[in-house]
Number of protein chains: 2
Amino acid sequence: MTHRRPPLGRHFLLDIAGAPFDLLDDPIEIEEALVATVKTMRAKILGIHVHRLAPQGISGVVVISESHLTIHTWPELGEAAVDLFTCGDEAAAKEAVTALGPRLRAGRTDIREVLRGVRD
Amino acid sequence: MTHRRPPLGRHFLLDIAGAPFDLLDDPIEIEEALVATVKTMRAKILGIHVHRLAPQGISGVVVISESHLTIHTWPELGEAAVDLFTCGDEAAAKEAVTALGPRLRAGRTDIREVLRGVRD
């Protein structure tokens, strides 16, 4: 049996569909959703960038200590891609990502979890 | 046969090991590596944050239009986790991520590619 080290981090990949155009195109709404997600994780924000793209769409990143949260939205498709990379508490991270789909009023949210770090 | 839409974006997950402590703990070296990666992609940087953590380690994010590049380093382990999410040219993105392991003088780089967007 191979001895395996714990993963360096956990990475949640969320693909969201069926969300309202106006919400996905609003930088304030998106920033509030990102900040709420980090608060649910009880983590500390080191930096945040939210950009509105032309003709529509938002790109946002939050730097958290040893972690990050990012979002890209396609309002014209009702879709968004969210990434949460975390080295913190797993249960709090799961709670945070699970809350994000309903917060963005998504019709569908696919969540994948990837363990990070080189594997044996 | 199901008609499938093209993916919203391509996401490269790099797990790096065997890199030198000093390089992984140097915010200037890490920022230069991030900027070089974006240049290889011929993309435009909208924002960049590089933080040095205590007692060691770097967290860095770059916002690119509809894309992002992030890194977290663990100098004490010789490891780093890099993410490149891109909606741009696939070949340029592959060239950029392939160059990153040697640039960080990694002994090993595992690259995974994930197609983003809800799946049928």
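**Exercise 1. Find which residues Ile45(A) touches, leaving aside residues up to four places away in sequence, and place Ile45(A) in its surroundings.**

Solution. Setting aside residues up to four places away in sequence, Ile45(A) touches Val38(A), Val62(A) and Ile64(A), where contact means that the C-beta atoms of two residues, placed from the backbone, lie within 7 Å. The model is a predicted one, in which local features need pLDDT of at least 70, side-chain atom pairs count only at pLDDT 80 or more, and totals for chains, interfaces and linings use all residues. Residues are numbered from 1 along each chain as its sequence is written, while chains are lettered from A and ligands numbered from 1 in the order in which they are written.

The next step is to locate the residue: Ile45(A) lies in strand S2 of chain A, strands being DSSP runs of E with at least two residues and helices runs of H or I with at least four, numbered from the N terminus. Ile45(A) counts as partly exposed because it has 14 C-beta neighbours inside 10 Å; a residue is buried with 20 or more other C-beta atoms within 10 Å of its own, exposed with 12 or fewer, and partly exposed in between. Finally, 8.2 Å separates the C-alpha atom of Ile45(A) from that of Val35(A), which is 10 residues apart from it along the chain.

**Exercise 2. Work out the order of the strands in the sheet of chain A, and state which strands stand at the edges.**

Solution. The sheet of chain A is open and has 6 strands in the order S2-S3-S4-S5-S1-S6, with antiparallel pairing; two strands pair if DSSP finds at least two bridges between them. Strand S2 (45–52) and strand S6 (108–116) of chain A each have a single partner strand, so one side of each is left without a neighbour in the sheet. From one strand to the next, the twist averages 10°, with axes fitted as lines to C-alpha atoms, for helices over the stretch in contact, and angles running from 0 to 180 degrees between N-to-C directions.

Within this sheet, strand S4 (residues 67–74) and strand S5 (residues 79–86) of chain A run antiparallel and are joined by 7 bridges, and Ile71(A) has Val82(A) as its bridge partner in S5(A). Helix H2 (residues 27–40) of chain A packs on the sheet, where it touches S2, strand S3 (58–64) and S4 of chain A, its direction making about 25° with that of S3(A). Helix H3 (residues 90–103) of chain A also packs on the sheet, touching strand S1 (9–17), S5 and S6 of chain A, and its direction makes about 10° with that of S1(A).

**Exercise 3. Determine how chain B is related to chain A, and describe the side of chain B that touches chain A.**

Solution. Chain B is superposed on chain A by a rotation of 180° with 0.0 Å of shift along its axis, at an RMSD of 0.0 Å, the fit being by least squares on the C-alpha atoms of residues with pLDDT of at least 70 in both copies. That is the relation of a two-fold axis, and in chain B the C-alpha nearest the axis belongs to Val61(B), 3.8 Å from it.

Turning to the contacts, 31 residues of chain B meet 31 residues of chain A. Among the elements that give two or more residues to this side of chain B are strand S3 (58–64) and strand S4 (67–74) of chain B. Because 100% of the interface residues of chain B are also interface residues in chain A, the copies meet through the same surface.
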